[in-house]
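Me: Please give me a close look at one part of this structure, a polar side-chain pair and the sheet around it. Work outward from there, and keep the numbers in.

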Amino acid sequence: LTGLNAFLESLAPGSSVSFIETYAVSPLDMQDGSILNTAEARGKDANGTEVSDTDEAIVLRSDLPPVLVVEKSADPGEIFIGEEVTYTITVTNLGPVDALNLTLSDPLPNWLEFVSAENGAFDAQTGVVLWTLPVLPNGASAFFRFTARANTNTPDGTVTENVAEARAENKPEPAFSNVAEVIIRNMADLVIIKSAPASIKPGQDILYELTVINKGPGEAMQV
């Protein structure tokens with residue numbers, strides 16, 4: 001790439017020699033975003049056999065923003081009121097540079113109450129779960145989790161949806177996750193138990209006792 005073409009008469013075992021060359025970056029190089037330079041050393045040993053090796057160096061354009069990919073999942077995908085769901089968000093930096101001062105935000109879905117967040121914080125005023133990371137290296141992934149609980153007054157069959165958002169100091173435009181859905185169930189389970197005396201005498205009334213139990217988890221209406 002630099003046009004270097006040096007020749008050494010010999011190079012003793014264990015010894016080394018260094019060369020310094022300058023390359024003028026072209027507008028096309030800036031457009032591509034990176035410069036790949038491969039160097040090759042070739043020679044012959046004492047027996048006349050050819051020996052060689054190559055090495056390369058990649059220089060990245062420092063002002064390019066990182067490419068962030070955000071993926072989100074909910075486990076389990078269906079819960080009853082009062083039960084908990086755990087969201088997992090994965091942020092992957094596809095490069096070509098590190099993501100600096102990464103911020104991940106995830107608004108708490110309607111009908112859910114915040115329980116906890118691993119290494120994160122919950123803003124009760126905005127209803128958003130927040131995480132920060134000083135740096136996400138090029139090619140690396142980071143994992144974030146939080147847990148929420150379904151409200152007891154959630155209508156049966158409610159589907160909650162939400163999307164996480166990642167930003168970085170050198171990537172002000174947000175990267176959004178897929179939509180994570182959770183179905184909330186609020187159903188009653190009625191059980192009736194009836195009892196009566198095992199025997200009676202002629203002329204006696206029979207006293208029946210009826211007990212209705214709602215095993216939940218939802219409230220039974222118009223019973």
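Reply: S141 is partly exposed, with a relative accessible area of 37%. The model is a predicted one. S141 belongs to strand β10, which spans residues 141–150. Its side chain makes a polar contact with the side chain of T92, at 2.8 Å.

The partner, T92, is found in strand β5, residues 84–93. T92 counts as buried, because its relative accessible area is 17% and the limit for that class is under 20%. The contact therefore joins a buried residue, T92, to a partly exposed one, S141.

The surroundings of the pair can be listed from both ends. Leaving out residues up to four places away in sequence, T92 touches V67, L68, V69, L136, A140 and S141. With the same exclusion, S141 touches T90, V91, T92 and L136. L136 thus appears in the list for T92 and in the list for S141. The C-alpha atoms of S141 and V91 are separated by 5.5 Å, although the two residues lie 50 places apart along the chain.

The two strands that hold the pair are part of an open sheet of four, in the order β3-β5-β10-β7, with antiparallel pairing. The edges are β3 (68–75) and β7 (112–117); each has a single partner strand, so one side of each has no neighbour in the sheet. On average, neighbouring strands here are turned by 25 degrees against each other, direction ignored. On the β7 side, β10 pairs with β7 over five bridges, in the antiparallel sense. Within that pairing, F114 stands opposite A148 of β10.

V91, listed above among the contacts of S141, also leads into the nonpolar interior. The largest nonpolar core has 28 residues, and I89, V91 and L112 touch the most other members. Elements giving two or more residues to this core are β3, β5, β6 (99–107), β9 (128–136), β10, β12 (165–168) and β14 (180–185). Among these, β10 supplies the largest share, five residues. Setting aside neighbours within four places in sequence, the contacts of V91 include L68, V69, V70, L102, L104, L136, A140, A142, F144 and A166, together with S141.

Further along β10 there is a charged pair. The side chains of R145 and E118 meet in a salt bridge, 3.9 Å from N to O. R145 lies in β10 and E118 in the loop between β7 and β8 (121–123), so the pair ties together parts that are 27 residues apart in sequence. R145 is partly exposed at 31% relative accessible area, and E118 is partly exposed at 48%.

Past the end of β10, D156 forms a salt bridge with R185, with the closest N and O atoms 4.0 Å apart. This pair also links distant parts of the chain: D156 is in the loop between β10 and β11 (158–162), R185 is in strand β14, and 29 residues separate them. D156 counts as partly exposed at 38% relative accessibility, as does R185 at 26%. Elsewhere, E40, R42 and E50 are joined into one network by salt bridges that share partners. One of its links, R42 to E50, has its closest N and O atoms 3.4 Å apart, and both of those residues are exposed. The count of salt bridges in the model comes to eight.

Technical notes. Residues are numbered from 1 along each chain as its sequence is written. This is a predicted model: local features need pLDDT of at least 70, side-chain atom pairs count only at pLDDT 80 or more; totals for chains, interfaces and linings use all residues. Side-chain values use heavy atoms; hydrogens and water are left out. Two strands pair if DSSP finds at least two bridges between them. Axes are lines fitted to C-alpha atoms, for helices over the stretch in contact, and angles run from 0 to 180 degrees between N-to-C directions. Buried means under 20% relative accessible area, exposed over 50%, partly exposed in between (1.4 Å probe, protein chains only). Contact means heavy atoms within 4.5 Å. A polar contact is a pair of N or O atoms within 3.5 Å; within protein, one must be able to donate a hydrogen and the other to accept it, and residues adjacent in sequence count only if both atoms are side-chain atoms. A nonpolar core is a set of buried Ala, Val, Leu, Ile, Met, Phe, Trp, Tyr and Cys residues joined through side-chain atoms within 4.5 Å.
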